[in-house]
Amino acid sequence: VGCSALASAIDAFALAEAIEHGCNLTCAQMTANKIGHEGVKSLARPITLNDARLEALKEAEHSRHITDEHTRRVSSIRELFLGGTHIKSAGFASVANMILLNRS
């Protein structure tokens, strides 16, 4: 899914909220959207949270023999494109932290 119409970090905040609440998005093409470091930080947070939730559910599924129906409800961003988003060092730090926390 491409997001060519995001004009600001405020739009990124709305997308971040949708990701956190389960929009089943697996690819976010943010290239050339001027969301800045605040927008990138807002996107990194729910991606990190959802990946942590997904891992916890997978562990519970494995140890307690829970069906994978619960894990299908939590989506994970697998591709995130950030070229031309004006993210600066604070945005890069958010992406680096997201990667460190989601090494699965």
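Begin by selecting Ser94, which, once residues up to four places away in sequence are set aside, touches Lys41 and Ala44. The model you have open is a predicted one, and this tour moves through it one selection at a time.

**Around Ser94: helix H4**

Ser94 is found in helix H4, which runs over residues 88-101. Is Ser94 buried or exposed? Its relative accessible area is 14%, and because a residue counts as buried when that value is under 20%, Ser94 is buried.

Now select the whole of H4, whose 14 residues reach 20 Å from the first C-alpha to the last, close to the 20 Å expected at 1.5 Å a residue. Colour Gly91, Ser94, Val95 and Met98, which are the residues to look for on the buried side of H4. If you look down the axis of H4, these buried residues fall within an arc of 95 degrees, so they line one face of the helix. Turn to the other side of H4 and you will find Ser89, Phe92 and Leu100, which are exposed.

Two further residues of H4 deserve a selection of their own. Lys88 lies in this helix and has a positive phi of about 55 degrees, although it is not a glycine; with a relative accessibility of 59%, Lys88 counts as exposed. Ile99 also lies in H4, and at 52% relative accessibility it counts as exposed. If you draw a distance from the C-alpha atom of Ile99 to that of Thr48, you should read 8.3 Å, although the two residues are 51 residues apart along the chain.

**Helix H1**

Next, select residues 9-20, which form helix H1. At 1.5 Å a residue, the 12 residues of H1 should span 16 Å, and its end C-alpha atoms are indeed 16 Å apart, so the expected and modelled values agree. Which residues of H1 are buried? They are Ala9, Ala12, Leu15, Ala16 and Ile19. These residues cover an arc of only 110 degrees around the axis, which means that they sit on the same side of H1. The face turned away from that buried side carries the exposed residues Ile10, Ala14 and Glu17. Just after H1, select Gly22, which takes a positive phi of about 90 degrees.

**The nonpolar core**

Keep Ile19 selected and show its surroundings: leaving aside neighbours within four places in sequence, Ile19 is in contact with Leu25, Leu43, Pro46, Ile47, Asn50 and Ile77. Ile19 also belongs to the largest nonpolar core, which has 17 residues, and the members that touch the most other members are Leu15, Ile19, Leu25, Met30, Ile35, Val40 and Leu43. H1, helix H2 (36-64) and H4 each supply at least two residues of this core. In soluble globular proteins, nonpolar side chains tend to be buried together.

**Strand E1 and the loop after it**

Move on to Ala28, which has its place in strand E1, residues 27-29. At 2% relative accessibility, Ala28 counts as buried. Draw another distance here, from the C-alpha atom of Ala28 to that of Leu82, and you should read 8.6 Å for a pair that is 54 residues apart along the chain. Then select Ala32, which is placed in the loop between E1 and H2; the phi of Ala32 is near 70 degrees, a positive value in a residue other than glycine.

**The whole protein**

Finally, clear the selection and show the whole chain, where the secondary structure comes to four helices and two strands. In what pattern do they follow one another along the sequence? Read along the sequence, the pattern is α-β-α-α-β-α. Buried residues make up 38% of the 104 residues, while the protein exposes about 6400 Å², of which carbon and sulfur atoms supply 57%. Among the contacts with a separation of 6 or more, 82% are between residues 24 or more positions apart.

As a last step, colour the model by pLDDT, whose mean for the protein is 79, with 77% of the residues reaching 70 or more. Confidence is lowest in helix H3 (residues 69-72), at a mean of 54, and highest in strand E2 (residues 79-81), at 88.

Note on methods
Residues are numbered from 1 along each chain as its sequence is written. This is a predicted model: local features need pLDDT of at least 70, side-chain atom pairs count only at pLDDT 80 or more; totals for chains, interfaces and linings use all residues. Side-chain values use heavy atoms; hydrogens and water are left out. The expected span of a helix is 1.5 Å times one less than its number of residues. Buried means under 20% relative accessible area, exposed over 50%, partly exposed in between (1.4 Å probe, protein chains only). The arc is that of the directions from the helix axis to the C-beta atoms. Contact means heavy atoms within 4.5 Å. Accessible areas come from the Shrake-Rupley method with a 1.4 Å probe; for residues, only the protein chains shown count as cover. A nonpolar core is a set of buried Ala, Val, Leu, Ile, Met, Phe, Trp, Tyr and Cys residues joined through side-chain atoms within 4.5 Å. pLDDT is the predictor's confidence in each residue, from 0 to 100.
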